[in-house]
Amino acid sequence: MYLRATARTKPEAKAELARLLNQLHERRQPRAAITMAQAIDQWLGVVRHEASTRERNEQLIRLYILPTLGKKPVHKITAEGLEILYSRLLKCRSLCSDRPKAGHKCEPLAPNTVRKVHFIIRSVLDRAVRWKFLSVNEAELAEPPAFYRNEPDPPSSDEARALLAEASRAPDWALLLFLTMVLGWRRGELCALRWTDVNLNDGYITIERSHWGNVEKRTKTNQTRRVALDQHSLNQLVDLRERRQAACAELGVEWSRGSFVFSRAADGSTPLTPSSVTQRYRKLATKLGLRSTRLHSLRHYSATELIAANVDVRTVAGRLGHGSGGTTTLRTYAGWSADADRRAAETIATLIPRPEPALRRPQSPYEQLAADIRNSILSGALPAGTQLPTLAELAAEHNMAPNTAARAIAMLKDEGLLSAERGRRAVVLEQPASSAGS
């Protein structure tokens, strides 16, 4: 810093020199020789963050702050230098020179990520001022990049159909994606879901926890919400629970209601991690050539389809956990919009396309029975008007419970292949020529 002043006499010059020196050194305290890396260590030792926030902050510090500012004394950090750093990060996250090496391809850092870097630096220097390392926080004078709002890009109906059809080869994975479209939950919330949170009798899910890495915490909004389920989702969850119970029986362990709904372990003892879900979805979306490969886009599918169907905006916000001021907590939300949410659940279930039964490989016993009967009907082996055996006879023939056989009949009835009434045998319906030929 270069400061200049003019004085008429020598005493005035000495006084002016003292003033300028004081102005030059007013930002320097006895302990101002501390470096940015030391200040960051002090800051991390006292600041309180959620596990996910801390992990992300430490990552940004390691990648972008320490390599450039780590060895620099905090009193030498200026607003000008910070804005130059932000500008370079927006051009290339590797901070390459004007003449990059051969083969180097610049990858700019997202504006919102650069803003996070700025707020970390500002918070560190603010704490340094409070601890008398500095007198001025230069980061308060620096201007970060403008906030960039990402526009939601949910998949189209055709993309959603192809997505679910491809995922249906793994029933648990297909159900996870379908519920993400229906419920609009966050990836940490779906990983933390336990069977104690699922009420299959009344048809709703309680979302009150989130999972990050190996840490279970509250949801991002610190709100608990109860979200209604449609009948298709309920049936799929019942089927998943039956498969888990059967797997536990084969392993010789007792199935626990406290186990995780989505898990790689057969008994559901360990949850999925958000990063593994994101990576798996990205590979699937890339394989199908979807416009967006971000799992986050599936959350907007629910909101987009519900709003397009004229569902009340408060109901949509409550389902996705976007309420403010605590208006969508369990107590309040269940009080004023339970019926509206139930209608919204059925609406979104009808709007989300499902893979055609023929494209989906049957997994559970009732699906295998339904596939056998469906093939017989479409091939002409069971012509229109044919009466099927009773549920008890079907169950005995295929070695399954009568309720399982009833689910297969109900599935074929929904597809328009059978006519079934309570207390009567199911009857094969007349099929269109195109269906019979296929």
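Student: Hi! Which residue forms a salt bridge with Asp239?

Tutor: Hi there! Asp239 forms a salt bridge with Arg243, and their closest N and O atoms are 2.4 Å apart. Keep in mind that we are looking at a predicted model.

Student: Okay, and where do Asp239 and Arg243 lie?

Tutor: Both residues lie in helix α9. They are 4 residues apart, which is about one turn of the helix.

Student: Is Asp239 buried or exposed?

Tutor: Asp239 is buried, because its relative accessible area is 3% and the cut-off for buried is under 20%. Arg243 is partly exposed, at 25%.

Student: Which residues are joined with them into one network?

Tutor: Salt bridges that share partners join Asp239 and Arg243 with Asp172 and Arg244 in one network.

Student: Nice. What's the distance between Arg244 and Asp172 in their salt bridge?

Tutor: The closest N and O atoms of Arg244 and Asp172 are 3.5 Å apart.

Student: And why does that pair tie together parts that are apart in sequence?

Tutor: Arg244 belongs to helix α9, residues 231-251, while Asp172 belongs to helix α7, residues 171-183, so their salt bridge links parts that are 72 residues apart in sequence.

Student: How accessible are those two?

Tutor: Arg244 is buried, with a relative accessible area of 5%. Asp172 is partly exposed, with a value of 25%.

Student: How many salt bridges does the structure hold?

Tutor: It holds 14 salt bridges. One that we haven't discussed yet pairs Arg209 with Glu208, at 3.3 Å from N to O.

Student: Are Arg209 and Glu208 buried or exposed?

Tutor: Arg209 counts as buried at 19% relative accessibility, whereas Glu208 counts as partly exposed at 28%.

Student: Back to helix α7 for a second. What about Trp173, is that one buried or exposed?

Tutor: Trp173, which lies in helix α7, is buried, with a relative accessible area of 7%.

Student: What is Trp173 in contact with?

Tutor: If you leave aside neighbours within four places in sequence, Trp173 is in contact with Ala167, Val277, Arg280, Tyr281 and Leu284. Take Arg280: in sequence, Trp173 and Arg280 are 107 residues apart, yet their C-alpha atoms are 9.5 Å apart in space.

Student: I also clicked on Glu166. Where is it found?

Tutor: Glu166 is found in helix α6, which covers residues 157-167. Glu166 is buried, with a relative accessible area of 19%.

Student: What does Glu166 touch?

Tutor: Not counting residues up to four places away in sequence, Glu166 touches Leu284, Lys287 and Leu288. Leu284 also came up earlier, as one of the contacts of Trp173.

Student: New topic! At what angle do helix α2 and helix α3 pack?

Tutor: Helix α2, residues 36-46, and helix α3, residues 51-69, pack at about 165 degrees, and their axes are 11 Å apart. An angle over 145 degrees counts as roughly antiparallel, so that is how α2 and α3 are described.

Student: Is the crossing left-handed or right-handed?

Tutor: The crossing of α2 and α3 is right-handed.

Student: Which residues make the contact?

Tutor: From α2 there are Met36, Ala37, Ile40, Trp43 and Leu44. From α3 there are Arg54, Asn57, Ile61, Ile65, Leu66 and Leu69.

Student: How do those divide into nonpolar, polar and charged?

Tutor: The contact of α2 with α3 has 9 nonpolar residues, 1 polar and 1 charged.

Note on methods. Residues are numbered from 1 along each chain as its sequence is written. This is a predicted model: local features need pLDDT of at least 70, side-chain atom pairs count only at pLDDT 80 or more; totals for chains, interfaces and linings use all residues. Side-chain values use heavy atoms; hydrogens and water are left out. A salt bridge is a side-chain nitrogen of Lys or Arg within 4 Å of a carboxyl oxygen of Asp or Glu. Helices (H or I, at least four residues) and strands (E, at least two) are DSSP runs, numbered from the N terminus. Buried means under 20% relative accessible area, exposed over 50%, partly exposed in between (1.4 Å probe, protein chains only). Contact means heavy atoms within 4.5 Å. Axes are lines fitted to C-alpha atoms, for helices over the stretch in contact, and angles run from 0 to 180 degrees between N-to-C directions. Angles under 35 degrees count as roughly parallel, over 145 as roughly antiparallel, 65 to 115 as roughly perpendicular and the rest as oblique. A crossing is left-handed if the near helix is turned anticlockwise from the far one by less than a right angle, and right-handed if clockwise. Ala, Val, Leu, Ile, Met, Phe, Trp, Tyr, Cys and Pro count as nonpolar, Asp, Glu, Lys and Arg as charged, and the others, Gly among them, as polar.
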